[in-house]
Amino acid sequence: MLTALFNQQLFTTIHYSREELRGLRRRGASFVCPHCSSVLTMKIGSRNIPHFAHMSQADCELVKGETLHHLLSKQLLYDRVSSLHARVSLEHYIRELKQVADIYVKTDTAEIAIEIQCSTIPISEIVRRTHGYHRQGITPFWILTQPLKSKKLLSLTTFQQAFIRYSPHLDYFLLQFLPDRSIFQLYSHLLPVSGTAFMSAAPIIIPVSEFTLPPSIPDVSVLHPYSLSHWYDYRTKSIYNRIHYNNARTDVFLREVYGEGDTFLYLPLYIGIPVIPHGIHIRNHEVEWQYYVWKDCLKGDSISEESVCRVLDRRIAKGHIELRSLPLLKRDEVIKRIASGYLRLLEQVQVLSKINDTYQLTEPWSCPDHFSAFEKHKHDFFPKWKHILKKL
Ligand SMILES: [Zn+2]
């Protein structure tokens, strides 16, 4: 921790030089934890960030997740934010919530709590803290500082996915802070290809010296990660994985596909198309949830946005479809947006036609049942899909 009580006043190490701090320590200055009132020791090495530590492993809110990485993040962000705003405090205790915000900012119009998260905590804890802040009229701003696995695809744990946010300009995005390099990396236009892997645009680098609150995004043009061939490859891979790693007798989804007499390998390509951007809320692969929509609703003759919503809601309730935990996003209307997004795509690829508020199949449903029938379908379908792709 960087803040302690000294002579009943808040004292922050980052405002003093190492020499000044050593001088205070020599004179036996006594520092106390503002949260639990235990006596603290000052740690001043030659390379670390001078900070306070509890004498014993106290059960104190301020001790949790306190690593050098965390201290450095706090210091860098505090320095930057206090150069922009007048009223900024470090390790700010909020009495009503009995919790400590890493950095607290009061502007003329808003109160903002910056929460820097290095260690993995339960998502329910993020939800609880977020709600608490909102109740006090404080806007929380969560910052993820964990390293991310990123090669061709960005691989995100469930915890890391909890930091995904949305803006109309960036679609779904993830902001990561790298204190060792003093930069933020922003991965925009996230597009899931599995429960944990995402395509994203090349990350935008924001030096901490350009960070603002609320963050302003540099106006750079980003290349959308989506391409028809990528999509087709990942869709095919997902189907093969499903067949390879799952048993058709125990896998609820496969059982339904085969029970209907459909061939999983040759499902029409309009089952499993990305509903950009809001489809990210569903954790299951598009092939899976869209197949349920087909089976429960689109094969029948009353097709509407409401009926698709009902299918999704019912399948979620049964546990067949799982929504991602994205606690920083509003969930209202998500299902409706996904349903309307999918129906609109099906209309664009001429699988459905719209009459007033309902839809009709342009041709009766048929699932190709052998390779050459599927190849023919692919041949017919791709040209229509290419045309949609241009509008993304
Ligand atoms: Zn304490």
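**Group meeting: a walk through a predicted model**

The place of proline 214 is in the loop between strand S17 and helix H5, which covers residues 228-245. I begin at this proline since a cis peptide bond joins leucine 213 to proline 214, with omega at about -5°. Please keep in mind throughout that what we have in front of us is a predicted model.

There is a second bond of this kind to look at, for isoleucine 276 and proline 277 are also joined by a cis peptide bond, and here omega is about 0°. If you look for proline 277, you will find that residue in the loop between helix H6, residues 252-259, and helix H7.

Let me now step back to the whole chain. The protein chain has 392 residues, of which 50% count as buried, and it contains 10 helices and 20 strands. Along the principal axes, the C-alpha atoms fill a box of roughly 85 × 40 × 40 Å. The domain assignment gives three stretches, namely domain 1 with residues 1-63, domain 2 with residues 91-223 and domain 3 with residues 228-389. Between the centres of domain 1 and domain 3, taken over C-alpha atoms, there are 57 Å. As for contacts in the chain with a separation of 6 or more, 61% of them are made by residues 24 or more positions apart.

Next I turn to a pair of helices. At what angle do H7 and H9 pack? Helix H7, residues 286-298, and helix H9, residues 334-348, pack at about 80°, and their axes are 13 Å apart. An angle from 65 to 115 degrees counts as roughly perpendicular, which means that H7 is roughly perpendicular to H9. On the H7 side the meeting residues are Trp289, Gln290, Val293, Trp294 and Leu298, while H9 brings Ile338, Tyr342, Leu343 and Leu346. Sorted by character, the residues of this contact are eight nonpolar and one polar, with no charged residue.

From helices we move to strands. Strands of a sheet pair through backbone hydrogen bonds, in either a parallel or an antiparallel way. In this model, one open sheet of four strands runs in the order S10-S11-S16-S15, and its pairing is antiparallel. Its edge strands are S10, at 149-150, and S15, at 191-192, each of which pairs on one side only. S15 is joined in the antiparallel sense to S16, residues 197-199, over two bridges, and leucine 191 stands opposite methionine 199 in S16.

Just beyond S16 we come to alanine 202, in the loop between S16 and strand S17, residues 204-207. Is alanine 202 buried or exposed? Its relative accessibility is 61%, and because exposed means over 50%, alanine 202 counts as exposed. The C-alpha atom of alanine 202 lies 9.5 Å from that of histidine 189, and these two residues are 13 apart along the chain.

I finish with two backbone angles. Glutamate 91 is not a glycine, and yet its phi is positive, at about 50°. This glutamate lies in strand S6, residues 87-94, and with 5% relative accessibility glutamate 91 counts as buried. Glutamine 350, another residue other than glycine, has a positive phi near 60°. Glutamine 350 sits in the loop between H9 and strand S19, residues 352-355, and with a relative accessible area of 48% this glutamine is partly exposed.

Key. Residues numbered from 1 in each chain as written. Predicted model: local features only at pLDDT ≥ 70, side-chain atom pairs only at ≥ 80, totals over all residues. Heavy atoms only, no water. Axes fitted to C-alpha atoms, helices over the stretch in contact; angles between N-to-C directions. Parallel < 35°, antiparallel > 145°, perpendicular 65-115°, else oblique. Contact = heavy atoms within 4.5 Å. Nonpolar A, V, L, I, M, F, W, Y, C, P; charged D, E, K, R; others polar. Domains from an automatic or database assignment. Pairing = 2+ DSSP bridges. Buried < 20%, exposed > 50% of the residue type's maximum accessible area, 1.4 Å probe, protein only.
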